[in-house]
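Q: I am new to this structure and would be grateful for a close look at one part of it. Please take one strand and its neighbours as the starting point, and then set them in their wider surroundings.

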Amino acid sequence: MARPSVGAHTASQCFQSPTVNPHFSNPADLVEALRDRFRAELDDILLARLQPDGVGMRHAERYLGHPLSALHVSIDLPGNALHVRTEGTDPQTQRVTLTYFPAWLLHLLLDPDLAMLPKLMPVDFERAVPLRITMRGARATREAPRTAPTPGLVS
Amino acid sequence: MSGLATLVPPPMSWVARPSEYELLMRDADVPPPRFIDHIAVSLASEDIELTSWRAPALHVYAAPGVALAVDCPLARDELEDMRALYTDTVWNLGALPDLVGDRLALVRGDESPACSEQALELHLERRQDAWELPLQGSRPRPTPRGDAAIGGFATAHDAWAGCPRGLDLPMPDGNELMLLPPEAAGLLASAPLPLDALQAAVQGWHAERMPLTLRIKVDPKSADDRYAHCWSYLDADGRPTTTPPEEGQRGPWFRLTVVRTASVQVGIETGLVLKAPAAIENVVTFYDHVVPFDNVPSHIDLDHAEQQGRSRSDVLQPLQSTLQRLTAIAASAAAAVHDDPRLLADGLLTVAGFVPHPIAEVATSAYDLYTLYAYATTGRDPLGRTMTRTEAMLTFGGLLLPVSGAALRSVARGVLPRVLRPGGTAATRLLALVDDAALCSESTAGALMFAYGFGLLTPPPAAPKP
């Protein structure tokens, strides 16, 4: 089945309401630019929303993949999304990129239909920002000889 | 050695916890719903219920040699603009933003109240042994505490028996070693706790009488920091041992050995005091060995110093001198201001707002009025930053205009459209601003004062028909 694409929604659908406050010159351009920048992540997040691989038992989060797979997406019920991509198969040299999107940003980028927006703003709105964490093995750690035997191993 | 020696664990790991909810308040007449019902209930229902969604958490663990980087994928201007867009659309849907950041959410209409936290709790942790990293995707666990038996804390009574004791605490950015000489241990073992004596001991700044905190500190994001450490007690002959010393034993009671790269910091936590406590060498002997990254062993013996043939111990310095701390604070402030010079103006205006002098009050009120005028005409604050309606509301509220809600709304809906050009952006913003202000306002006079002040209303009220 074809993956849903973010480009199917056009930015003009964002601004149907007549009382939207047009501060900036063209907010539609900004939303389109961000959609292009995060196109891969947003496609994966849409897929996790619509066709999750698994659903959490207690808090109803939706998963795509599992934490050890190359692609893992986790969306919790308020809509926050964590997108994890692992490049490389060797754990010593792999590169892991974790991207976090707060729900308010996802609602702007993915839900041009204003009826889907959440009813209330988050209480920590000023601190809720998207984050990108990158991990990569920069130096190989060649084990220096141990001067004490490892407890538990029988040599 | 058998084939087990060739196993190499992955040097990085992460553990995520999704947002978790908690039911805070519900209608007493309605029984608490089961979880599946609760999801439907909390999202689209008219029951009185308050659900709080805790922010999701992400723990990132790394062994030495792994580079970590954290940044925001949006530029600051883009983030400001997206925030403004979001507050506008949420307000247009009829929901009130949380102006004071309280956990209780205000609602308008018949929507079910649910508040959520969306700022990711990010924990970066560096462990020196790759075998100690939690399994990726497992449950998040707190940083493990030190081995209680080696520290002598086999029971709570032993901990405070009055003999010298040490405790090694792993931290997300290194290790913390807490050492108690006999006098400090005796004070802590007394009941009730003699706070005055403890305070006098710390203020005396003599190492043999106060609790000491040694710190090995790495940069959790750096790939070049690596160390191995070993701490132990000393017996009566000065040899390292794992047995805690007896009462009455003299001389240094502890030893700390650290083999590290040059970028790792080791020292005493002194706060803002300039120098280390007196007679530190009578309490702990310290051996420091700086080696290249690849030569740092994974474990070192208790008698590592004797193995290396070290005869002279090193001096323990304060971890970070007062000058370094103040320089770091000044540098971060300077970097923030260099990044956005308007922060300096913000800071000065905030300080001026607290000055009780009438000139300062008039000046800040005039600046607030000008801010509202700038927002109404351009959508930005006087310094050029995009302003959200929340900020405009707060500025308006800060002017403390006593305005009646109903009166202001009638003024806004009935009078302003006839004065301003309908459909224009300034009119839209002003209408929205006045309507929003009506939610927090009290009397009629202020409404008229606001309208007159902006030159929007000129008497008589008999306005031409649209």
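A: Two strands are said to pair if DSSP finds at least two bridges between them. In this predicted model, strand 4 (residues 81-87) and strand 5 of chain A pair in the antiparallel sense, and seven bridges join them. Within this pair, A:Arg85 is found opposite A:Thr97 of strand 5 of chain A.

Strand 5 of chain A also has a partner in strand 6 (residues 131-137) of chain A; these two run antiparallel and are joined by six bridges. Here A:Leu98 faces A:Ile133 of strand 6 of chain A as its opposite residue. Strand 5 of chain A spans residues 95-101, and six of its seven residues are buried, so the strand is largely enclosed by the rest of the structure. Buried here means under 20% relative accessible area.

The chain around this strand may be described next. Chain A contains three helices and six strands, and from the N terminus its elements follow the order α-α-β-β-β-β-β-α-β. Of its 155 residues, 50% count as buried. Among the contacts in chain A with a separation of 6 or more, 52% are between residues 24 or more positions apart.

The helices of chain A deserve a similar look. Helix 1 (residues 27-37) packs against helix 2 (residues 39-50) of chain A at an angle of about 80 degrees, and their axes lie 5 Å apart. Helix 1 of chain A is therefore roughly perpendicular to helix 2 of chain A. On the side of helix 1 of chain A, the contact is made by A:Arg35, A:Asp36 and A:Arg37, while helix 2 of chain A contributes A:Arg39, A:Glu41 and A:Leu42. Sorted by class, this contact comprises one nonpolar residue, no polar residue and five charged residues.

Helix 1 of chain A has buried residues of its own, namely A:Pro27, A:Ala28, A:Leu30, A:Val31, A:Leu34 and A:Arg35. Viewed down the axis of helix 1 of chain A, these fall within an arc of 160 degrees, so they line one face of the helix. In helix 2 of chain A lies A:Leu42, which counts as buried because its relative accessibility is 0%. Between the C-alpha atoms of A:Leu42 and A:Ala60 the separation is 20 Å, and the two residues are 18 positions apart along the chain.

Chain B offers further examples of strand pairing. One open sheet there has four strands in the order 8-9-10-14, with antiparallel pairing. Its edges are strand 8 (165-171) and strand 14 (265-268) of chain B, each of which pairs on one side only. The twist from one strand to the next averages 15 degrees. In this sheet, six bridges connect strand 9 (residues 174-180) of chain B with strand 10 (residues 212-217) of chain B in the antiparallel sense, and B:Leu179 is opposite B:Leu212 of strand 10 of chain B.

Another open sheet of four strands in chain B follows the order 12-11-13-15 and has mixed pairing. Strand 12 (240-241) and strand 15 (284-290) of chain B are at its edges with a single partner strand each, so one side of each has no neighbour in the sheet. Seven bridges link strand 11 (residues 227-234) of chain B to strand 13 (residues 254-260) of chain B, again in the antiparallel sense. Here B:Ala228 has B:Val259, in strand 13 of chain B, as its bridge partner.

Technical notes. Residues are numbered from 1 along each chain as its sequence is written. Chains are lettered from A and ligands numbered from 1 in the order in which they are written. This is a predicted model: local features need pLDDT of at least 70, side-chain atom pairs count only at pLDDT 80 or more; totals for chains, interfaces and linings use all residues. Side-chain values use heavy atoms; hydrogens and water are left out. Axes are lines fitted to C-alpha atoms, for helices over the stretch in contact, and angles run from 0 to 180 degrees between N-to-C directions. Angles under 35 degrees count as roughly parallel, over 145 as roughly antiparallel, 65 to 115 as roughly perpendicular and the rest as oblique. Contact means heavy atoms within 4.5 Å. Ala, Val, Leu, Ile, Met, Phe, Trp, Tyr, Cys and Pro count as nonpolar, Asp, Glu, Lys and Arg as charged, and the others, Gly among them, as polar. Buried means under 20% relative accessible area, exposed over 50%, partly exposed in between (1.4 Å probe, protein chains only). The arc is that of the directions from the helix axis to the C-beta atoms.
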